[in-house]
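Trainee: I should like to go through the terms used for this model and ask, for each one, on what grounds it is applied.

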Amino acid sequence: MPVNPIINIGFGNMVATARIVAVVSPHSSPMKRLREEAMKRAKLIDATEGKKTRSIIVTDSDHIILSAIQPETIAQRIRTGAEDDTAS
């Protein structure tokens, strides 16, 4: 396993696993507010390629990353260290 492993969060976009604080579902009101606040502060990264947002990744740098991959799938990729997992 690399020193700073990265995972695929969909459509060839990658995130360093060491920087991830949380992976959450985007459907609750607090997560919608988190997304809006990140957009206002220019800390929102949309990695959905225009698809439906299925998970929100919170990083230690206070960036919010939107992904079209389910939170469970991202968690599995973090656990296994799968960089090239193609199941979406």
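Mentor: Let us start with pairing: two strands pair if DSSP finds at least two bridges between them. The model is a predicted one.

Trainee: What makes strand 5 and strand 6 a pair?

Mentor: Strand 5 and strand 6 are joined over 4 bridges, in the antiparallel sense. The criterion is at least two bridges, so the term applies to these strands. Within this pairing, V58 stands opposite I64 of strand 6.

Trainee: How do you know that strand 4 also pairs with strand 6?

Mentor: Strand 4 and strand 6 run parallel and are joined by 3 bridges. At least two are required, and the condition is therefore met. Here I45 stands opposite I65 in strand 6.

Trainee: What is the sense of the pairing between strand 1 and strand 2, and over how many bridges does it extend?

Mentor: Strand 1, residues 6-10, and strand 2, residues 13-16, are paired in the antiparallel sense over 4 bridges, with I7 opposite V15 in strand 2. The two strands form a hairpin that has 2 residues between them, and F11 in the turn has a positive phi of about 60 degrees.

Trainee: What makes the positive phi values worth listing?

Mentor: Most residues other than glycine have a negative phi. In the hairpin of strand 5 and strand 6, with 4 residues between the strands, D62 takes a positive phi near 70 degrees. E49, in the loop between strand 4 and strand 5, has a phi near 55 degrees. A42, which follows helix 1, has a positive phi near 60 degrees.

Trainee: Why is E49 called exposed, and why is D62 called partly exposed?

Mentor: The relative accessibility of E49 is 55%; exposed means over 50%, so E49 qualifies. For D62 the relative accessible area is 38%, which lies between the 20% and 50% limits and therefore counts as partly exposed.

Trainee: Why does K52 count as exposed, and which residues distant in sequence does K52 contact?

Mentor: K52 has a relative accessibility of 55%, so K52 counts as exposed. Leaving aside neighbours within four places in sequence, K52 is in contact with H27, S67 and A68. The C-alpha atoms of K52 and A68 are separated by 5.8 Å, although these residues are 16 apart along the chain. K52 itself lies in the loop between strand 4 and strand 5.

Trainee: How are the side chains of strand 6 directed, and are they buried or exposed?

Mentor: I64 and L66 point one way, I65 and S67 point the other way, and all are buried.

Trainee: What makes up the largest nonpolar core?

Mentor: The largest nonpolar core has 9 residues in all: I7, I9, V15, I20, A47, I57, I65, I69 and I74. Apart from this core lies another, of 6 residues, among them M31, A38, V58 and L66. In soluble globular proteins, nonpolar side chains tend to be buried together. Outside the four places on either side in sequence, I20 is in contact with I7, V15, I57, V58, T59 and I78.

Trainee: How do you know that the span of helix 1 agrees with its number of residues?

Mentor: Helix 1, residues 29-40, has 12 residues and should span 16 Å at 1.5 Å a residue. The end C-alpha atoms of helix 1 are 17 Å apart, which agrees.

Technical notes
Residues numbered from 1 in each chain as written. Predicted model: local features only at pLDDT ≥ 70, side-chain atom pairs only at ≥ 80, totals over all residues. Heavy atoms only, no water. Buried < 20%, exposed > 50% of the residue type's maximum accessible area, 1.4 Å probe, protein only. Contact = heavy atoms within 4.5 Å. Core = buried A, V, L, I, M, F, W, Y, C linked by side-chain atoms within 4.5 Å. Expected span 1.5 Å × (residues − 1).
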